[in-house]
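User: Could you take a close look at the ligand site for me, and at the pocket that goes with it? I would also like to hear about the other pockets and cavities.

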Amino acid sequence: MTDIEQTPAWRALAAHAQASSHADLNTLFAQDPARANNLRVQGSGLLLDYSKQRLTPETRDLLLELARSCDLPQAIAAMFVGEHINKTEDRAAWHVALRAPRDTGFPDEVHTEVHKVLDAMAGFTDNLRSGLWRGYTGETITDVVNIGIGGSDLGPRMVCRALAGLESEPAVHFVASVDPQEMHDMLSRLDPARSLFIVTSKSFTTAETLANASAARDWLRANGAGEEDIAKHFVAVSTNAQAVADFGIDTANMFGFWDWVGGRFSLWSAVGLSISLALGTENLRELLSGAHAMDEHFRSAPLQQNLPVMLALVGIWNRNFLNMPSLVVAPYAQRLEHFPAWLQQLEMESNGKSTAADGSPVAVATAPAIWGSVGTNAQHAYFQMLHQGSDVLPVDFILSLAGDGPRRDQLVANCLAQAEALMTGKSAAQVRAQGISERLVTHRSFAGNRPSNMLVLEKLDARNLGALLAAYEHKTYVQGVIWGINSFDQWGVELGKVLAERILDELQEGQAGQHDASTQALIDIAKRPADL
Ligand code: F6P
């Protein structure tokens, strides 16, 4: 692959970064009264204000030139027509087809299949919620547990929490970890006769998920359910019908999807069954329609007015030209508390790679570390470092304006104040002017000039949430295109899985394996914890 660093567009940005390295945000705002208006973009109910980033309209134009030189418009079109953009696995990454209404330009067979599954999910949701579906003692289902991990957990878990308040019976829970404690703690709260498990796994080979599903099945049996009863308490979401049947789940109770749906892009597929059960079919459809609106915006808006594109380009600027190693995400909406974990998988599993799609090494830095948590709690934890730490770490603030009254205003004020404080800082002169003792002046000064994005939603409803999630999905793809990465595979997770199986055998069978001295010593300790 072309060494991107040597391309004219990249070199122009590198030179511009060097020339503007002393740019100060406060000065930039003072020099350009239109800055706040010029450096913002709106799409599908979302506003992105990136005027507090260390860039100028010239930077933006150079970034847009980089995007064009990487054939971004063609790459966007390729995704929508189902080209095999997941090159290493030779398949499409077609999650946009999952949220398209009927007859919106996708091939008939795709529409038909997608809507058949959505209809089946709606039917099942109605049956379960109306009490038609009953457990082995004839009682209705009050609790549903989604058993899955990674993309089969993080998306639906985050959405169910984000839209809490819309939910009604059944209560929907999530179990992901292979730590038996999580399933144990969950089961101890449930009534077996009134619980249903959704085993969600694209591959249906994921060790954690199968272990948890087996534990749930054993628990049902131990509580008096016979073999023929199990079907009333298990459904599956998967692409692997054979493995579902082998596990003992009736494939009549399986909701399928397709290999062109990547795990971390799958909440829009049957993986969203838990969303449908928790929130109802209508809210799931609203979520899909919000995502579809963002898809249409992404597909058709000019690059400069394209929200996911600008979100991605700002990220490229920070990562590659200002050398910022991480991105903090701080949603000012308590119900988005699982958003950072979802985003971590999305961006870091997609673009945490050093090999380009054609197998050559990527010459530049790729995915930053994504981390964060909800404001205002974060302000009382790690924001100290964001304001005064030795690294400059950009922040994506996500602000929902919903609600009214003083509590809502307090939340909004906190969010805006943090972004303002990061940027404006507080000079030594300002500190002195407050009459602060000279001994504390340096401690109480803030350098400022710390960048952030502000993403604003009118309210956190299903539609806006769909648009927000789709925006970050597309951002991730755009960055992958620029870095020359295939954002849709995840070979980096394989080695650890293989080694875990080997170590598991050794722990259980007792035979010795071949490991480095540290790992071997730790295996020995794990075999005899009492020696510690
Ligand atoms: O190990 C990583 C991964 O493959 C993710 O990409 C995926 O979301 C997760 O495991 C779960 O996979 P599955 O849905 O096949 O159980």
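Analyst: Happy to help; here is the ligand site, followed by the other spaces in the protein. This is a predicted model, in which local features need pLDDT of at least 70 and side-chain atom pairs count only at pLDDT 80 or more, while totals for chains, interfaces and linings use all residues. Residues are numbered from 1 along each chain as its sequence is written, and side-chain values use heavy atoms, with hydrogens and water left out.

Let's begin with the ligand's neighbours. There are 14 residues around the ligand, and G151, S152, S201, S203 and T206 come nearest (a residue is near if one of its heavy atoms lies within 4 Å of the molecule). By class, this shell has two nonpolar, nine polar and three charged residues; here Ala, Val, Leu, Ile, Met, Phe, Trp, Tyr, Cys and Pro count as nonpolar, Asp, Glu, Lys and Arg as charged, and the others, Gly among them, as polar.

Some polar contacts can be named (pairs of N or O atoms within 3.5 Å). The side chain of S201 places an N or O atom 2.6 Å from an oxygen atom of the ligand. At K202 the partner is a polar backbone atom, 2.7 Å from a ligand oxygen. K497 uses its side chain, with a polar atom 3.1 Å from an oxygen atom of the ligand. The protein buries 87% of the 390 Å² that the ligand exposes when taken alone (accessible areas by the Shrake-Rupley method with a 1.4 Å probe).

Where does the ligand sit? Its space is the largest pocket, where sitting in a pocket means that more than half of the molecule's atoms lie within 2 Å of the pocket's grid points. On a 1 Å grid over the protein atoms alone, a pocket is an open set with protein on both sides within 12 Å along at least five of seven lines, a cavity is a set of points where a 1.4 Å probe fits but cannot get out, and lining residues have an atom within 4 Å of a point. The volume of the largest pocket is about 970 Å³, counted as the space filled by probe spheres set on the points. Its lining has 38 residues, with S203, T206, V493, E494 and K497 nearest the centre. Helix 10 (207–222), helix 15 (339–351) and helix 20 (494–509) each give two or more of them, and helix 20 gives the most, five residues (helices are DSSP runs of H or I, at least four residues, and strands are runs of E, at least two). This lining divides into twelve nonpolar, 15 polar and eleven charged residues.

The second largest pocket holds about 570 Å³. Of its 24 lining residues, C70, A75, K87, V481 and G484 lie nearest the centre, and helix 19 gives the most, with four.

Finally, the structure has two cavities of 30 Å³ or more. The largest cavity has a volume of about 110 Å³, and G315, N318, L327, P394 and K475 are the closest to its centre among 16 lining residues. Helix 14 contributes five of these, the most of any element. The second largest cavity has about 50 Å³ of space, and its lining comprises L98, V114, V117, L118, W258, W268, S269 and A270. Seven of these residues are nonpolar, one is polar and none is charged.

Key:
A polar contact is a pair of N or O atoms within 3.5 Å; within protein, one must be able to donate a hydrogen and the other to accept it, and residues adjacent in sequence count only if both atoms are side-chain atoms.
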